[in-house]
Amino acid sequence: MSLVVGVDIGNSTTEACAAHIGQDGKITYLSGALGRTSGVKGTTENVPGVVEVVRLALARAGCDPAEVQAVLVNEATPVVSGLAMETISETIITESTMIGHNPGTPGGVGLGVGVTVAFPNLPRCAAGSAVICVVGAGVDFEDAAAGINAAIARGVRVTGVVVHADDANLIANRLGEPVPVVDEVTLVDKVPLGMPAAVEVAEQGRTIRTLSNAYGIATVFELDSEQTRMIAPVARALVGNRSAVVVRTPAGDITDRRIPAGTLILIGEKTKREVEMDAGAEEIMSTLRRVRPLVDAVGDPGTHVGGMLARVRDTMSELTAMPVDTVRVQDVLAVDTFVPQRITGGLAGEFALENAVALAAMVRTSKGPMELLAARLREALGTEVLIAGVEADMALLGALTTPGAGRPVAILDLGGGSTDAAVTTDGAEVHSVHLAGAGDLVTSLINSELGLENLELAEEIKKFPLAKAESFFHIRMEDGTVRFFDKPLPADAFSRVVVLTDSGIHPIPTRHGVEKIRQVRRSAKHRVFVVNALRALEQVAPDGNIRHIIGFVVVLGGSALDFEIPDMIAEAVAEFGIVSGTGNVRGSEGPRNAVATGLVAGYALARANGTAVRG
Amino acid sequence: MRHTPADDRPFDHVGQNRPAVVVLCHPDPGNRHCVREINAGMEEEGVPCRTENAADGSARELALAAAQASNLDVGVGVDSVGNICVHHAKLPPDAPAVAGPATSARTMGHNAARLVAGLPFKQQEGVRRA
């Protein structure tokens, strides 16, 4: 009987599996362990991480490190992945044509039309003229209301008010005649004066109806058909708001511009094609399908995507000491997304949802400095270290220890940087594929689509369920159930959407509701993992047809621990008549430890067959 | 249990039974502006309030007493130097919802109202978490 430890060096985690192997090849699994990978996978930086998990696994098994006959490591090849986002549309307001920011509490109700006048100039307005009063910063609400009331008393028709401070109701409540008041306009000083303008505030629970309708604006400003065509984008931009201001300036406009985002050049084995980034993800992915197998990809220098592809190449070249021009991008995944961006020229910090394309790329070498790593490990551990097999083969062997799984089997390894798949048919032949785009891309999509600018929080939203803090003592989970607390929740969580992490309840500082955040989270996972799962299975399947291969799909890897991704994948592959589920390696390890277990199983198999393992 | 029709219930529109956030304020003349701003914050949010003078006490003690007197369960306390505290009757006495200095009066008014309305609090520079 001999003691061996299988060690899987992954992109983010290093896993170990200790076992006794009998002379007949019978395996007795003793323990498993997991730790962070030190440095980039497949480099000598991994040594401390490996030493740590081996020690941990042996301690759990209650074995003396001196008894270890061999430590088995997989042939780990460095994988570098990169992410970039290219915004491809932009909204610009020229000449401050409109204000459409949805303040929490606008005042008054209705539509007012008149010429814009600064508050200090109100006493100089002629009786009978219709004006929109623009109240700048520092004017007290009582003074503003008194001034407007005085003007109305003189016969000036003040039909609407635009205010800098959060004072709309305070002013509206003090006016003799109620008029619509729009507040929290941060750049109120830039509202063009002496121009015809309209202010609209809808009743509570409703949205504006005149200024969000092109013909409504045309009626208000008496526009002809050509001018109405010009103003139509303004109406569109205001749809769904509770309040709005439209100023009619000579050249004022709001434009929705496509930003030239550059070209992506996909070089295949036989053909080479260019695709514009702003054509969108679908076009990019279908171009990729036409050039496959991909040999390399490059982007225009100066664009985010070009920069990212160059960065990925540089990083890999540094790690492996390969010349930069020999490093090739093996796969890209493009995903359509949207980014809330501050509108250029907006007066109240308005945001527009701009279209963007996110691109994940990955570079993989055929050979990492494995021999060197093995030698260093030998020194550090003081035992024999064997390079015992290719990752994909070992993962398949490990996956087959899942109760209920059988051949032919395919694995889907959902990691942080890449999605890997491998399939083995009844023969020994193994097909494997490594695709760009995994957990990190999901995090990045959640971060940008919710406008969080906080990757840590985005990661938490990805991993944990949401809830709404409904009082200081209870929260309503996203599935509608309620949870109570003995201690009051912190004030910054009050009435906010929170994410229930294992380190506590973290508020999400946005205006988005639970439903919206949930939808963004699920859609990001779908766009990355379901798309990649199907793409990966398609590529490992004989004839590229998923139906032809596989009886069983075992989902592995860190992202397989996610609370909804495995279900999404199971649902997506169900139509192909495949049994898909999260792996349970050795019946106890869940989707973890497959490669480490596979190393031990492979070693035992080789010993039983009397074949040598290369060392 | 017999149901009492709403019409039969004595409902005093200006007195103690009116649903309102209660502001208990030390009658220092320096607090006049502070109280005006607190009331303005609540008015902007559309939540009714009533202000009463109070004897000595810390902002937190006054806020708790105010919250217990309010039938919306929310109270604001202002002490003799203008410190403000917003409390909820169902919270532990030593753990008020929010607190801040006189300069944050408007924000404190907003937040007292939002505590009633169930909206996330407004942030202001210099507001410390209570």
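What share of the contacts in chain B with a separation of 6 or more comes from residues 24 or more positions apart? The figure is 56%. This is a predicted model, and the report takes chain B first, then the contact with chain A, then one arginine of chain A.

**Chain B**

Chain B has 130 residues. Its secondary structure consists of three helices and five strands. Along the sequence these elements run β-α-β-α-β-β-β-α. The pattern begins with a strand and ends with a helix. Of the residues in this chain, 45% count as buried. The exposed surface of chain B comes to about 6600 Å². Carbon and sulfur atoms make up 52% of that surface.

**Where the chains meet**

Chain A gives 21 residues to the contact, and chain B gives 21 residues. Together the two chains bury about 1700 Å². Carbon and sulfur atoms account for 52% of this buried area.

Five salt bridges cross the interface. One of them pairs Arg174(A) with Glu43(B). Their closest N and O atoms lie 2.8 Å apart. There are also eleven residue pairs in polar contact between chain A and chain B.

Which elements of chain A give two or more residues to the side that touches chain B? They are α2 (141–153) and α3 (168–174). Of the elements, α3(A) gives the most, with five residues. The side of chain A that touches chain B can also be divided by residue class, as the table shows.

| Class on the chain A side | Count |
|---|---|
| Nonpolar | nine residues |
| Polar | four residues |
| Charged | eight residues |

**Arg535 of chain A**

Arg535(A) sits in helix α12 of chain A, which spans residues 514–540. Is Arg535(A) buried or exposed? Its relative accessibility is 6%, so Arg535(A) counts as buried. The cut-off for buried is under 20%.

The side chain of Arg535(A) makes a polar contact with the side chain of Asn532(A), at 2.9 Å. What else does Arg535(A) touch, leaving out residues up to four places away in sequence? Met285(A), Leu288(A) and Arg292(A) are among its partners. So are Asp331(A), Val332(A) and Leu333(A). Leu435(A) and Ala436(A) complete the list.

**In brief**

Chain B combines three helices with five strands. Its contact with chain A includes five salt bridges, and α3(A) gives five residues to the chain A side. In chain A, Arg535(A) is a buried residue of helix α12.

Methods: Residues are numbered from 1 along each chain as its sequence is written. Chains are lettered from A and ligands numbered from 1 in the order in which they are written. This is a predicted model: local features need pLDDT of at least 70, side-chain atom pairs count only at pLDDT 80 or more; totals for chains, interfaces and linings use all residues. Side-chain values use heavy atoms; hydrogens and water are left out. Contact means heavy atoms within 4.5 Å. Buried area is the accessible area (1.4 Å probe) that two parts lose on being put together, summed over both. A salt bridge is a side-chain nitrogen of Lys or Arg within 4 Å of a carboxyl oxygen of Asp or Glu. A polar contact is a pair of N or O atoms within 3.5 Å; within protein, one must be able to donate a hydrogen and the other to accept it, and residues adjacent in sequence count only if both atoms are side-chain atoms. Helices (H or I, at least four residues) and strands (E, at least two) are DSSP runs, numbered from the N terminus. Ala, Val, Leu, Ile, Met, Phe, Trp, Tyr, Cys and Pro count as nonpolar, Asp, Glu, Lys and Arg as charged, and the others, Gly among them, as polar. Buried means under 20% relative accessible area, exposed over 50%, partly exposed in between (1.4 Å probe, protein chains only). Accessible areas come from the Shrake-Rupley method with a 1.4 Å probe; for residues, only the protein chains shown count as cover.
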